Amino acid sequence: AIPGLLKAFLNINEVLACIMTNWVAANLVTWLFDISSFKNMVEGTKSGYIYKTTYNGVATAKLGLDKLFPGSQVNAGILVAIVMYILINKTTLGYQLKACGSNRHAARYAGIRDKRNIVLSMAIAGSMAGGGAALYYLSGNTEFFWSTYQSLPATGFNGIPVALLAVNNPIAVIFTAIFMSMLDIIGLQLTNLTAYNEYITDVIIAAIVYLSAFALVIRMMIAPKKKRSAEAETEGAVTAEKADNADTEKGGDEA
């Protein structure tokens, strides 16, 4: 919500505000774990880890999906995408959020509270990010090492090309995320089994992101031309209709 408040009331770029507050949040989490009693000193000889959910038997529900996808980390978190799809596309709140995202000034003119919805959309985005990370680490297949962050986790940044490739569609995000994960895994396999470098997959992902962005730019460039062509066709049709009406009236007068 903090970057949302900065964007809504001071018009500060939300990307810059989020990147800076990421570091504050990361170090705050590290400090909270450091002073807490969550340190894992029981499971083997490990220290500095949080208890694995499989160790305590409190992993997130699988909903039978683990039988469909054996050996995977799939869990109930996949339902979040479905809930977000319904919220964004089937509710009044979702319409207001999309309207403010497209043009906050037009939304305000239409009677939508733009500042409120900007803050709310950023708060929802932050809760989704935190909830997604929590579900990932609570799935029972992953360990969380809380040692001081030397760099921000790449998970959030990887979500940007995923969302861009999915054109911000919550359902399409599932498939684009699987596709990006496959590229990452294949990159590791290339390094282990062949002479190729794993960063080839990063180049491929970068190319996909650029092409997706270029596609949106080209679409924006073509849209005005299509609009002008449609307007010209409409004007031509109106002119032709007027000419036909004039010929008809002239014929009637002569008769």
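These entries record what I looked up in a predicted model of one protein chain.

**Entry 1. Overall make-up**

I began with the secondary structure and found eleven helices and zero strands in the protein chain. Read from the N terminus, the order of elements is α-α-α-α-α-α-α-α-α-α-α. I then looked up burial: 18% of the 255 residues count as buried. For contacts between residues at least 6 apart in sequence, I noted that 53% join residues at least 24 apart.

**Entry 2. The N-terminal residue**

I turned to Ala 1, which lies in the segment before helix H1 (2–10). Is Ala 1 buried, exposed or partly exposed? Its relative accessible area is 47%, and the partly exposed class runs between 20% and 50%, so Ala 1 is partly exposed. Which residues does Ala 1 contact, once neighbours within four places in sequence are left aside? I found Val 119 and Ala 123. I also checked Ala 1 against Cys 18, 17 residues further along the chain, and recorded a C-alpha separation of 9.8 Å.

**Entry 3. H1 against H2**

I next examined how H1 packs on helix H2 (14–34). Their axes come within 9 Å and cross at roughly 150 degrees. Because angles over 145 degrees count as roughly antiparallel, H1 is roughly antiparallel to H2. The crossing of H1 past H2 is right-handed. On the H1 side I listed Ile 2, Pro 3, Leu 6 and Lys 7, which meet Glu 14, Ala 17, Cys 18 and Thr 21 of H2. Sorted by class, this contact holds five nonpolar, one polar and two charged residues. Cys 18 thus enters my notes twice, as a contact residue of H2 and as the partner in the C-alpha separation from Ala 1.

**Entry 4. The loop between H1 and H2**

I looked at Asn 11, placed in the loop between H1 and H2. Phi of Asn 11 is near 55 degrees, a positive value in a residue other than glycine. I set this beside the general pattern: most residues other than glycine have a negative phi. Is Asn 11 buried or exposed? Its relative accessibility is 54%, and the cut-off for exposed is over 50%, so Asn 11 counts as exposed.

**Entry 5. H5 against H10**

I then took up helix H5 (residues 79–90) and H10, which pack at an angle of about 150 degrees with their axes 7 Å apart. H5 contributes Ala 81, Ile 82, Met 84 and Tyr 85 to the contact, and H10 contributes Pro 170, Ile 171 and Ile 174. By class I recorded seven nonpolar, no polar and no charged residues.

**Entry 6. The largest nonpolar core**

I looked up the largest nonpolar core and found five residues in it: Val 162, Met 180, Leu 183, Ile 205 and Ile 208. Helix H10 (170–193) and helix H11 (200–254) each supply at least two of them. I noted the general tendency alongside: in soluble globular proteins, nonpolar side chains tend to be buried together. Within this core I followed Ile 208, which is in contact with Leu 165, Phe 179, Met 180 and Leu 183, neighbours within four places in sequence left aside.

**Entry 7. Thr 176**

Last, I checked Thr 176, which lies in helix H10. Its relative accessibility is 10%, and buried means under 20%, so Thr 176 counts as buried. Not counting residues up to four places away in sequence, Thr 176 touches Val 162, Leu 165 and Ala 166. Val 162 belongs to the core of Entry 6, and Leu 165 is also among the contacts of Ile 208.

How values were computed. Residues numbered from 1 in each chain as written. Predicted model: local features only at pLDDT ≥ 70, side-chain atom pairs only at ≥ 80, totals over all residues. Heavy atoms only, no water. Core = buried A, V, L, I, M, F, W, Y, C linked by side-chain atoms within 4.5 Å. Buried < 20%, exposed > 50% of the residue type's maximum accessible area, 1.4 Å probe, protein only. Helix = DSSP H or I, 4+ residues; strand = E, 2+ residues; numbered from the N terminus. Contact = heavy atoms within 4.5 Å. Axes fitted to C-alpha atoms, helices over the stretch in contact; angles between N-to-C directions. Nonpolar A, V, L, I, M, F, W, Y, C, P; charged D, E, K, R; others polar. Parallel < 35°, antiparallel > 145°, perpendicular 65-115°, else oblique. Left-handed = near helix turned anticlockwise from the far one by under 90°.
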